[in-house]
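Here are a few exercises to work through with the model open in your viewer. Try each one before reading its solution.

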Amino acid sequence: MYRMNKQYDVLLVDPPWQAGFKGLRKWKSEITDKYQTLSLSEIGNIDVSSLAKNNCSLFLWCTHTTLPDALVLMSTWGFKYHCTLTWDKGSGFSVAGFHRRTEFCLYGYKGKMNIKKRGKFIPTLIVEKRTVHSRKPTVLYDFIEQSFPNDRLELFARTKHPGWDVWGNEVECDVQL
């Protein structure tokens, strides 16, 4: 089991879900895992609840395929599901008759919700063109920074954002497991 030594008001988690292999005949291409992935049980064994202050918000990224697992993880980690943010990436791929150009960021909380209830609200639809593989929309960081307390951690981070602690294998980590 993984443990860290600090607790946070906000956790942003983009798990390295196992996408596996999908052959796309239309473009004669493959979608495969482009980075080191973890199984659902390995992701679930990360002690995310120990990273959370008594009142903590969780933003958990998932895809159409991983949505059911993400809801289970959220509950396993001790968070209550509240709503889903949908990211329209502007492009995607087609599987089984559906063009998948969206991803989801589930919002849940532990204790009491610690979001500011005045001022600008976070939209549940984010429209921002995707850039490199797995990089998430930058505007979400802005929304979180405007609406939540300052102690923030991004797990499985790909880049460092000012005002955030990060952990992942693609960034210089602020926290150690």
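**Exercise 1.** Find the hairpin that β5 and β6 form, and work out how many residues lie between them.

Solution. Start at the turn: 2 residues sit between β5 and β6, and Ala96 there has a positive phi of about 50°. Strands here are DSSP E runs of at least two residues, helices being H or I runs of at least four, all numbered from the N terminus. Next, follow the pairing: β5 (residues 80-95) runs antiparallel to β6, with 11 bridges joining them. Two strands count as paired once DSSP finds at least two bridges between them. For a landmark, look at Trp87, which stands opposite Glu103 in β6.

This is a predicted model, so local features need pLDDT of at least 70 and side-chain atom pairs pLDDT 80 or more, while totals for chains, interfaces and linings use all residues. Residues are numbered from 1 along each chain as its sequence is written, and side-chain values use heavy atoms, leaving out hydrogens and water.

**Exercise 2.** Which residues of β6 stand opposite Trp61 and Cys56?

Solution. Strand β4 (residues 52-62) is antiparallel to β6 (residues 98-110), and 7 bridges join the two. Along this pair, Trp61 faces Cys105, and Cys56 faces Lys110.

**Exercise 3.** Put the strands of the open sheet in order, then say which ones stand at the edges.

Solution. The order is β7-β5-β6-β4-β1-β8-β9, 7 strands with mixed pairing. β7 (125-127) and β9 (165-167) are the edge strands; each has a single partner, so one side of each has no neighbour in the sheet.

**Exercise 4.** How many cavities of 30 Å³ or more are there, and what lines the largest?

Solution. The count is 1. A cavity is a set of points on a 1 Å grid over the protein atoms alone where a 1.4 Å probe fits but can't get out; lining residues have an atom within 4 Å of a point. The largest cavity has a volume of about 90 Å³, taken as the space filled by probe spheres set on the points, which are joined across faces, edges and corners. Its lining has 11 residues, with Arg135, Lys136, Tyr141, Glu154 and Arg158 nearest the centre.

**Exercise 5.** What pLDDT does the chain average?

Solution. The average is 84, and 82% of the residues score at least 70; pLDDT is the predictor's confidence in each residue, from 0 to 100.

Definitions and conventions:
On a 1 Å grid over the protein atoms alone, a cavity is a set of points where a 1.4 Å probe fits but cannot get out, and a pocket is an open set with protein on both sides within 12 Å along at least five of seven lines; lining residues have an atom within 4 Å of a point.
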